[in-house]
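Hi,

Here is the structure I promised to pass on. Have a look at it first, and then read my notes below.

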Amino acid sequence: MSMEHKAYLFDMIKYHTEIEKILDECCYEQNTSKAEKYINEHWKELCSPYTYEPLDEKWKNILVNHSLQEYCDILLTACYECEKDIGLGYNWDSVNESLKQLSFMDNIEKCVLGNTIVFHGTTIDPGAMGLGVVDIEEVSIIAEMLQQNRGKLDQMELPQNLLYTIEKEELEEAYDELIDIYKRAVKMGKGILFTF
């Protein structure tokens, strides 16, 4: 199974003021009614996580299994532009493994994968392949650390046992792309959503 890394500039303010509470309540109740109510009232601002097309009044027709995860997936689209993926594609694994070797911070994988979203024991992961966010406060810190440690890549060996084959030059380009994702988020005052 191929895992293509995707990243989106994420409106953390909207997430914290509108979406987070609904996700929390839905997970607590293990019920989709509050999510459905929000989607019915805001469908013009949301999109299909499958096709990236804007929703219409018959948005329920796109649902595959009517699960809590599927509703959460739609809710999250309130906070990012579905068609504006700026992720690392298939080079995410090499960057992630390289960061582990650099180990300049705790939980270093969050630089590439974000922080898991969990409410009441339910992990929000609609695609069951991983989803995480980096909040605004962390974005500038991580951006600075990534830049400060960029030079260390030159002395480092390529990581072993990668999911996808990569050359050293490609790794360096992918690392620079990750820095760019963070720089864009800092410039726009956004968080980041990572998914596959």
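A word on terms before anything else: helices (H or I, at least four residues) and strands (E, at least two) are DSSP runs, numbered from the N terminus. With that numbering, Thr32 sits in the loop between α1 and α2. Please keep in mind that this is a predicted model.

First, the overall picture. The protein chain has seven helices and six strands. Going along the sequence, their order is β-α-α-α-α-α-β-β-β-β-α-α-β. The radius of gyration is 18 Å, which agrees with the value near 16 Å that a compact globule of 196 residues would have. Along the principal axes, the C-alpha trace spans about 55 × 35 × 30 Å. Of the 196 residues, 47% count as buried. As for contacts in the chain with a separation of 6 or more, 72% of them come from residues 24 or more positions apart.

On the surface side, the protein chain exposes about 10200 Å², and carbon and sulfur atoms supply 46% of that. There are 18 positive and 37 negative side chains, with the centres of the two sets 5 Å apart.

Now the cysteines. How many disulfides does a search of the whole structure find? The search turns up one. The partners are Cys47 and Cys82, with their sulfur atoms 1.8 Å apart. This pair links distant parts of the chain, 35 residues apart: Cys47 is in the loop between α2 (33–42) and α3 (68–76), while Cys82 is in the loop between α3 and α4 (92–102). Both Cys47 and Cys82 are buried.

Cys72 is in no disulfide, and the nearest cysteine sulfur, which belongs to Cys27, is 5.0 Å away. With a relative accessible area of 1%, Cys72 is buried. And why is Cys79 not bonded to the closest cysteine, Cys82? The two sulfurs are 11 Å apart, too far for a bond. Cys79 is buried as well, its relative accessible area being 4%.

Two residues caught my eye for their backbone angles. Gln30 is not a glycine, yet it has a positive phi of about 50°. You will find Gln30 in the loop between α1 (12–29) and α2, and it counts as exposed because its relative accessibility is 51%, where the cut-off is over 50%. Tyr52 also has a positive phi without being a glycine, in this case near 65°. Tyr52 belongs to the loop between α2 and α3 and is partly exposed, at a relative accessible area of 31%.

Back to Thr32, in the loop between α1 and α2. Is Thr32 buried or exposed? At 18% relative accessibility, Thr32 counts as buried, since the limit is under 20%. Not counting neighbours within four places in sequence, Thr32 makes contact with Cys26, Ser67, Leu68 and Tyr71.

Tyr71 also turns up on the list for Glu36, which, leaving aside neighbours within four places in sequence, is in contact with Trp59, Lys60 and Tyr71. Glu36 is in helix α2 and counts as partly exposed, at 21% relative accessibility. For a sense of distance across the model, the C-alpha atoms of Glu36 and Ile192 are separated by 25 Å, with their positions 156 residues apart along the chain.

Last, Tyr8, which lies in strand β1 (residues 6–10). Tyr8 is buried, with 2% relative accessibility. What does Tyr8 touch, if residues up to four places away in sequence are not counted? The list is Tyr52, Tyr80, Glu81, Cys82, Lys84, Asp85, Ile86, Gly191, Ile192, Leu193 and Thr195. So Tyr8 touches Cys82 of the disulfide as well as Tyr52, the residue with the positive phi. The C-alpha atoms of Tyr8 and Glu169, 161 residues apart along the chain, are separated by 24 Å.

Cheers

Technical notes
Residues are numbered from 1 along each chain as its sequence is written. This is a predicted model: local features need pLDDT of at least 70, side-chain atom pairs count only at pLDDT 80 or more; totals for chains, interfaces and linings use all residues. Side-chain values use heavy atoms; hydrogens and water are left out. The radius of gyration is taken over C-alpha atoms; the globule rule is 2.2 Å times the number of residues to the power 0.38. Buried means under 20% relative accessible area, exposed over 50%, partly exposed in between (1.4 Å probe, protein chains only). Contact means heavy atoms within 4.5 Å. Accessible areas come from the Shrake-Rupley method with a 1.4 Å probe; for residues, only the protein chains shown count as cover. Lys and Arg count as positive and Asp and Glu as negative; His and the chain ends are not counted. The place of a charge is taken as NZ of Lys, CZ of Arg, CG of Asp or CD of Glu. A disulfide is a pair of cysteine sulfur atoms within 2.5 Å.
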